[in-house]
Amino acid sequence: MFEDQILNYLQGKNMNLEGKKILVGVSGGPDSLALLHFLWTKQEEWKIKVFAGHVDHMFRGEESLDEAEFVKSFCEERNIPFSWERIDLPAFIQKTGMNSQKAARECRYSFYEKVMKRHNLDYLALGHHGDDQIETILMRLTRGSLGKARAGIPFMRPFGTGKIIRPFLCLEREDIEEYCKVHNLNPRRDPSNEKDTYSRNRYRKHVVPFLKKENIHAAKHFQRFSEELTDDETYLMKQAEEKLSDVMVEKKAAEVVVDINRFLLIAIPLQRRCIQLILNYLYDEIPISLSALHTEQMMILLKSPHSSGNIDLPNGLKVKKSYHFLHFQLNFSPAQSFYYELSKMGELLLPNGYNIKVEYIDGETIIDDHCILLDASSISFPLIIRTRRDGDRIHLKGMVGRKKVNRIFIDEKIPIHKRENWPIVTDSKGEILWIPGLKKSIYSHSNTNSGSNLLITYKKQ
């Protein structure tokens, strides 16, 4: 029965292990020890080669060292190639600030990856089973996880130079305990698994037994749910990728900008997944504190009637709405103010990536929004290129009185984050001559009218 379940499960996954080299991650507990023993018994029949890997986290002193020695002896008795490593987990936790469970996982997987690369192995086999699946799904749903994470533990995923597989996901804890008993495996027990300190232990001891009392097939139902959700997510994410390319107007290493009007035309399930794709792109690793609640906040911001708004996400990611665009900015830092002086002719590169150039010209030139022509004899030097200040006003051509620069930014629908480092050109007396790309003052000319013409251009570098 035990073997049949595994064979049927692997066949259903179209998994053929023949000729493969497999590393089994072994803690010495029932799940991993049973997996190692089972695959070892199948070496000749399945034409596979089994290796074992163990990490002593040095978290429980002599007790954890004894477990390492137990696994080593187990492998030596069966001629299983064995690799192990002692890692000072407490020191690693102090150095990285990770919680103990995440730190232990990080160390283990790093070790497994090195062993797989060293021996050119195909798979890393882990002993997760159906009860683990229930715990993981419930924990992630409770935490508010996103996308595929809600589907729990995958049967297979890429890892290092190979892949991770979990052949025991079709089994339950009782099946594995019975296998250990039948084959006299005598696994080691980690006493920390009994402590209610860890949330997984609380689910294991209290929630899973309750669910199994309600339905003895709960583990199978959760596994089916996991696989169906994984398939659904794969399909929907593919659809979302196609839609995202249509609504994304800018994509840089630390920023993505989408057109809100076009984004809102997408079906809501795909909107959520488009957001997830953006987060996956910007984050090297999705923070554990990021949840579906953040996605819901972004959905509300997208539909808000207000032209601006922002949301702070974990690890320095900001989501900012500005008129018809939504900006996702990683490691966002407020725009720095600047102040430059140019005497007569000169050229400088501004922090926003644009170039300002001041030159004298004698002949005709074409004037557009990216340049301004001035009568040099009427300008007080040096010219000043700076960021905006409270109370800035400009005397526009054809207008009586002066207009607030801030009002111009609003009328022209300039995004808030761009206003902070938009250049203002003034003379030495503080008279605003030009807001590059937006508005020109009464001092500008439409064509050359003397031998003392000053041309200022503002263009992307």
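Tutor: Let's start with a yardstick: the radius of gyration is taken over C-alpha atoms, and the globule rule is 2.2 Å times the number of residues to the power 0.38. Keep in mind that we are looking at a predicted model.

Student: What makes the radius of gyration of the chain unlike that of a compact globule?

Tutor: Set the two values side by side. A compact globule of 461 residues would come out near 23 Å, but the chain has 32 Å. The C-alpha trace gives a second view, spanning about 100 × 40 × 40 Å along its principal axes.

Student: And what is the chain built from, in helices and strands?

Tutor: The chain holds 15 helices and 23 strands. Buried residues account for 46% of the 461 residues. Of the contacts between residues at least 6 apart in sequence, 69% join residues at least 24 apart.

Student: Let's go to a particular spot. Which residues does the UniProt "binding site" annotation cover?

Tutor: The unreviewed UniProt entry lists Ser27, Gly28, Gly29, Pro30, Asp31 and Ser32 under that name. Such an annotation may be inferred rather than shown by experiment. Asp31 sits in helix α2, residues 30–41, and Ser32 is in helix α2 too.

Student: Why is Ser32 called buried?

Tutor: Buried means under 20% relative accessible area. Ser32 has 7% relative accessibility, so Ser32 counts as buried. Leaving out residues up to four places away in sequence, Ser32 touches Val24, Gly25, Val26 and Ser27.

Student: How do you know that the side chain of Ser32 reaches the backbone nitrogen of Ser27?

Tutor: The distance between them is 3.0 Å, and the cut-off for a polar contact is 3.5 Å. As for Asp31, its contacts beyond four places in sequence are Gly127, His129, Asp132, Phe168 and Ile176.

Student: Why is Ser226 counted as buried?

Tutor: Ser226 has a relative accessible area of 3%, so Ser226 is buried. Ser226 lies in helix α10, residues 218–247. Setting aside neighbours within four places in sequence, Ser226 is in contact with Gln133, Ile137, Ala151 and Ile153. With Gln133 there is also a polar contact between the side chains, at 3.4 Å.

Student: What about Arg386: buried or exposed?

Tutor: Arg386 counts as buried, because its relative accessibility is 5%. Arg386 belongs to strand β16, residues 383–386. The side chains of Arg386 and Asp392 make a polar contact of 3.0 Å. Other residues in contact with Arg386 include Phe338, Tyr339, Trp422 and Pro423.

Student: Now the cysteines. Why is there no disulfide bond at Cys170?

Tutor: A disulfide needs two cysteine sulfur atoms within 2.5 Å. The closest cysteine sulfur to that of Cys170 is in Cys180, 15 Å away, so the gap is too far for a bond. For the structure, the count comes to zero disulfides.

Student: Why are Cys170 and Cys274 called buried?

Tutor: Cys170 has a relative accessible area of 17%, so Cys170 is buried. Cys274 is buried because its relative accessibility is 0%.

Student: What makes strand β11 mostly covered?

Tutor: Count its residues: five of the six in β11, residues 325–330, are buried.

Student: And how do you know that β11 pairs with β8?

Tutor: Pairing takes at least two bridges. Strand β8, residues 255–259, and β11 have five bridges and pair in the antiparallel sense. One of the partnerships is Val258 with Leu326 in β11. Strand β10, residues 317–322, also runs antiparallel to β11, joined by six bridges. There, Lys318 has Gln329 as its bridge partner in β11. The hairpin of β10 and β11 has two residues between the strands, and Tyr323 takes a positive phi near 60°.

Student: What makes β13 and β22 edge strands?

Tutor: Picture an open sheet of five strands in the order β13-β14-β23-β15-β22, with antiparallel pairing. Strands β13 (346–349) and β22 (444–445) each pair on one side only. At the β22 end, β15 (residues 371–375) is the antiparallel partner, over two bridges. Leu374 has Ser444 of β22 as its bridge partner.

Conventions. Residues are numbered from 1 along each chain as its sequence is written. This is a predicted model: local features need pLDDT of at least 70, side-chain atom pairs count only at pLDDT 80 or more; totals for chains, interfaces and linings use all residues. Side-chain values use heavy atoms; hydrogens and water are left out. Helices (H or I, at least four residues) and strands (E, at least two) are DSSP runs, numbered from the N terminus. Contact means heavy atoms within 4.5 Å. Buried means under 20% relative accessible area, exposed over 50%, partly exposed in between (1.4 Å probe, protein chains only). A polar contact is a pair of N or O atoms within 3.5 Å; within protein, one must be able to donate a hydrogen and the other to accept it, and residues adjacent in sequence count only if both atoms are side-chain atoms.
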